[in-house]
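These are my notebook entries on a single protein chain. I record here what I looked up and what I found.

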Amino acid sequence: EDMFPEKADFESDAEYNTAFMTAGLQAIQGVQNATEFARRLGAEVAGYGAVLPRITDYGSRIDSKGMFTTTGHAGTIVLIFQTIQAAIEQGIIDEQATNSIAIAGLGKIGASIAHLTPTYYPDATITIFDSRQPLTRTIADEMEQNGADVHVAQSMQELLSSSPVAIMAI
């Protein structure tokens, strides 16, 4: 059963908002309890596995003193690269397609994907785009300093026409 209420089940927005906030607070408490339990067992690292990122404010609402925490975005990024590899193995895309990779959306996950792409595909030309051009330029500069072949697209259309492999982190 879904822990969050469905809007259609309530007669008013106020009732729904109250139920939703109550469920959110219960979710935060559940994550907090699990973190405390892990700490008592001696854990030094807690991976939230991307659970309830918005509700827990990416884990910042959880008291994790004495523990290293992760939101689980790293797992998402690895799955993206595994999906590309599976597409190659299944003949969906040609292995040469990874010589050029396009990435749209350079938030936390998109920027991490962009920075890690040269690790998986060192010979690839990586085209990046985000509507926040100063951010895009900063990320491109960082990648170039690390030896990546990076191109900054000026539009989504340019990005999508640049590569048969497009990762949309938007």
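**Entry 1: a serine side chain**

Which backbone oxygen lies 2.9 Å from a polar atom of the side chain of Ser100? I looked this up in the model, which is predicted, and found the backbone oxygen of Ser162.

I then located Ser100 itself and found it in strand S3, which covers residues 100-104. I asked next whether Ser100 is buried or exposed. Its relative accessible area is 16%, and because the cut-off for buried is under 20%, Ser100 counts as buried. I also listed the contacts of Ser100, leaving out residues up to four places away in sequence. The list holds Ala124 and Thr125, and also Ser162, Ser163, Pro164 and Val165. Ser162 therefore appears twice in my notes on Ser100, once for its backbone oxygen and once in the list of contacts.

**Entry 2: the whole chain**

I turned to the overall plan. I noted five helices and six strands in the protein chain. Read from the N terminus, their order is α-β-β-α-β-α-β-α-β-α-β. The chain has 170 residues, of which 34% count as buried. I also looked at contacts between residues at least 6 apart in sequence, and found that 57% of them join residues at least 24 apart.

**Entry 3: helices H2 and H3**

I recalled that two packed helices are described by the angle between their axes and the distance between the axes. How do H2 and H3 cross? Helix H2 spans residues 73-89, and its axis comes within 10 Å of that of H3, with a crossing angle of roughly 50°. This angle makes H2 oblique to H3. I recorded the crossing as right-handed.

I then wrote down the residues that meet. From H2 they are His73, Thr76, Ile77, Val78, Ile80 and Phe81. From H3 they are Ile109, Ser112, Ile113, Leu116, Thr117 and Tyr120. Sorted by kind, the residues of this contact are eight nonpolar, four polar and no charged.

**Entry 4: Thr117**

I looked more closely at Thr117, which is found in helix H3. Is Thr117 buried or exposed? Its relative accessibility is 0%, so Thr117 counts as buried. Setting aside neighbours within four places in sequence, I found Thr117 in contact with Phe81, Ile101, Ile103 and Ile126. Phe81 is also among the H2 residues that meet H3.

**Entry 5: helices H3 and H4**

Next I examined H3, residues 108-120, against H4, residues 133-145. Their axes are 10 Å apart and the packing angle is about 25°. Because angles under 35 degrees count as roughly parallel, I noted H3 as roughly parallel to H4. Their crossing is right-handed.

Which residues make this contact? H3 supplies Ala111, Ala114 and His115, while H4 supplies Ile139, Glu142 and Met143. I counted them by kind as four nonpolar, one polar and one charged.

**Entry 6: Gly30**

Finally I looked up Gly30, which lies in helix H1, residues 13-40. Its relative accessible area is 37%, so I entered Gly30 as partly exposed. How far is the C-alpha atom of Gly30 from that of Ile62? I noted a separation of 10.0 Å, although the two residues are 32 residues apart along the chain.

Key:
Residues numbered from 1 in each chain as written. Predicted model: local features only at pLDDT ≥ 70, side-chain atom pairs only at ≥ 80, totals over all residues. Heavy atoms only, no water. Axes fitted to C-alpha atoms, helices over the stretch in contact; angles between N-to-C directions. Helix = DSSP H or I, 4+ residues; strand = E, 2+ residues; numbered from the N terminus. Parallel < 35°, antiparallel > 145°, perpendicular 65-115°, else oblique. Left-handed = near helix turned anticlockwise from the far one by under 90°. Contact = heavy atoms within 4.5 Å. Nonpolar A, V, L, I, M, F, W, Y, C, P; charged D, E, K, R; others polar. Buried < 20%, exposed > 50% of the residue type's maximum accessible area, 1.4 Å probe, protein only. Polar contact = N/O pair within 3.5 Å; in protein donor to acceptor, adjacent residues only side chain to side chain.
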